[in-house]
Amino acid sequence: MEPRLRKTAGRTYYDSSIEDFVACKYPEEIVEFLTESDENSDPFELHLQKNAWMNQIKILRSYLKDKKGYIIFEYVLSRVNMRIDVVLLMDNVVYSLEFKNNEVSFLDDDIDQASGYGYALKNFYEVNRNRYVVPILIATKAPDSECSNSSDLGIDKLFSLFKANENKMEQYIDLIRSKYGSEVICSEEEFDNWIKSPFKPNPTIIQSARSIYLNNQVDEFFKFDAGEENLKITELTVEEIVQEAQNKNKKIICFVSGVPGAGKTLVGLDLAGKTRNGDNNGLPEAVFFSGNGPLINVLTEALGRDALKNHPEKYLSKYKAVNDVKVFIQDLHAFKQDIISTKHNVTYENVLIFDEAQRVWDEKQLEKWLEKKGADKSYFGLSEADLLLNTFNEKSWGVIVALVGLGQDIHTGENGLSVWFNSLLNKHNDWDIRLSKEIFNQSADNLDGYVDSILNCPRVVECPGLYLKTCIRTPRAKNLSEFSEALLNNEPKKAKKALEQFDNYPICITRNLKHAEQFVLENTLRKERCGKLCSSNSKILGRYSHSFDNIDNWHFANWMLDEAGRDSSNSLVFSASEFNIQGLEIDWSLLGWDMDMYYHNGDWHEQKMYTPKRFKESSNIEKKHILNSYRVLLTRARKGMIIYIPKAGDYEDKYNVSQYFDSTYEYLKSCGIKDIDEVREYTRIPNAIRLPF
């Protein structure tokens, strides 16, 4: 009986057991079957594609004749318009094969493509969480000298890319099967489920912004598959509030809050993107503002680079492209400057989205800024919340979407939600308020005095959908916020319990800076980003040792976007502070812990550091900002982090501060964090597979 030809609609062009594939008497039938799914209308291109398929079939039938498992031709990576040439599932190992027919060398674009397929299979499909994934790029005519002779193995069971010709491909697969293959044999039903497993990517905020801006939409997978259903609920809740305000001539402020990395900024960018391109279901145009200067600079630089690359005929320079982007993402300080300079206290838009809304200034801090700007004294006595709410005074309706990062006010004069609540309760009783009562669960914001007055206010409506409870930045450590909160609240048992729930998200500690740097560099894959992080108040690690020199604001966009070079985060030359990195993320972080926050005699102590040798006990406000700084720094890494604490001898210790570094180290270990020298499972394995010839 002739083996049947089959495909899975929307996912494959051809899939079968390896036995059926090898047993097929006429390979040309497989090629014709593949052709039926191909959408290429160019006869010459189709001819080349058929030849490529025939060559792949010839190579694979020869190699697989005595193997068991499953094979897929043209496996579709859902929703991103990419297809993997061939996927093999053998011995519970997943092989991604990208063929370059008759190629004699390995091009950078091909390397990126093939590496990206392996990364996607490992990170965006739950079904591969515990499987080894092996990406192989096959330039069929490449000389042996150009091929890889080894491959590293990541802690997540993803191999680094193999570069192979057809003979080397066979040798690599045989080695991996013998060393890492299992006796597990998938049933046909399990294979069908593997093919149909949901695609769950986890994009950075930069990747999401690029999708919104360049595609004029957010692809569905950016919003929901990776981030639990309540991200969708939050977006729908905000849209309903905007429609209510418009239809009933109301002024409404809605506070979108949640754990760090839950997608608050994405909610705002998506709403602004929808209304910008007309895909808005009747919603009025919304403008996205942020007082987070580094975030604004990074996003506008990234989108400007993309716009220039994709539309060189439209933009004569990157400067013009970046300026165009600034209409979509605007700087809050520039908005305030426009108000006080023109004395035009009315915004043109009816819907304003404020990212990092917890960073609003109180009256004292705003007055300092107004004095520097030479503003009219009529603005004195206002908080930043007052100033923003006043811009709607002459409007019949309006909405402010305040995206609030709880426990993340880190600047002088930033007093978080209390500034908003004071303004709304005492000065702006024409505004309705929408929030989730979960907003009061963040002890770091000291909101206890507002719980009753807010929840009992007749203008307040409680909306559970406005709280984002699931971290989408770190899907392998969804309770990372719970862990960092317990660690900073001096609850080591609770922190240890949270850490034990992490799924392949390593957090390590070390006293050796070289070991720390080696850890992040070895674990950072091609196209991923690692970097040093350190408190802005750090002096021993920063000014004294220069091992954590802070990147300046002018070059921070390069730190976040450049793949290589002195300014790139990947070089580990410069570090980013909480002011730089707030609202952004990297894949692997090296967090330097300094004496501005140390653990001693059973509790945390925060102090202002003026020099490496001069400290001062902080005020309560300063203590809160230092604590919040470490809360930000602890929640920036998407895949894992290592914490570095200096040891005696790494710096001049005139005042014997090494004892406090020692006690901090011991406390962090009591939270379940392992020293990198004590564990092997947290270390990438160099040359895990090496050809013996």
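## Where β17 meets β18

Let's start with one pair of residues: lysine 532 has serine 575 as its bridge partner in β18. This is a predicted model, and that pair belongs to a parallel pairing of strand β17 (residues 530-534) with β18, which runs over two bridges.

Zoom out and the two strands turn up in an open sheet of six, ordered β18-β17-β19-β23-β16-β24, with parallel pairing. Which strands stand at the edges? They are β18 (575-576) and β24 (674-675); each has a single partner strand, so one side of each is left without a neighbour in the sheet.

## A strand that is well wrapped

Now for strand β13, which covers residues 431-435. Is β13 enclosed or open? Five of its five residues are buried, so the rest of the structure largely encloses the strand. In a regular strand, side chains alternate between the two faces of the sheet. For β13, both faces are covered: Trp431, Ile433 and Leu435 are buried on one side, and Asp432 and Arg434 are buried on the other. Note that the second side holds an Asp and an Arg.

As for neighbours, β13 pairs with strand β8 (residues 251-258) in the parallel sense, over four bridges. Within that pairing, tryptophan 431 of β13 is the bridge partner of lysine 251. Strand β14 (residues 460-462) also runs parallel to β13, joined by three bridges, and here isoleucine 433 stands opposite valine 460 of β14. So Trp431 and Ile433, both buried on one side of β13, each turn up in a bridge: Trp431 with lysine 251, and Ile433 with valine 460.

## Helix α3 and its two partners

Two packed helices are described by the angle between their axes and the distance between the axes. Take helix α2 (residues 27-37) and helix α3 (residues 43-63) to begin with: the angle is about 135° and the axes are 10 Å apart. That makes α2 oblique to α3, and the crossing is right-handed. On the α2 side the contact uses Pro27, Glu28, Ile30, Val31, Glu32, Leu34 and Thr35, while α3 brings in Leu46, Lys50, Trp53, Met54, Ile57 and Arg61. Sorted by class, that contact has eight nonpolar residues, one polar and four charged.

The other partner of α3 here is helix α5 (residues 166-180), with axes that come within 11 Å and cross at roughly 40°. That makes α3 oblique to α5, and this crossing is right-handed too. From α3 the contact takes Ile59, Leu60 and Tyr63; from α5 it takes Glu166, Met169, Glu170, Ile173, Asp174 and Arg177. How many polar residues are in the contact of α3 with α5? There are no polar ones, just five nonpolar and four charged.

## Two asparagines with positive phi

Most residues other than glycine have a negative phi. Asparagine 249 goes the other way, with a positive phi of about 55°. Where does asparagine 249 lie? It lies in the loop between α9 (230-248) and β8, and β8 is the strand that pairs with β13.

Asparagine 687 also has a positive phi, about 55°, without being a glycine. This one has its place in a strand, β25 (residues 685-690). With a relative accessibility of 36%, asparagine 687 counts as partly exposed.

Definitions and conventions. Residues numbered from 1 in each chain as written. Predicted model: local features only at pLDDT ≥ 70, side-chain atom pairs only at ≥ 80, totals over all residues. Heavy atoms only, no water. Axes fitted to C-alpha atoms, helices over the stretch in contact; angles between N-to-C directions. Parallel < 35°, antiparallel > 145°, perpendicular 65-115°, else oblique. Left-handed = near helix turned anticlockwise from the far one by under 90°. Contact = heavy atoms within 4.5 Å. Nonpolar A, V, L, I, M, F, W, Y, C, P; charged D, E, K, R; others polar. Buried < 20%, exposed > 50% of the residue type's maximum accessible area, 1.4 Å probe, protein only. Pairing = 2+ DSSP bridges.
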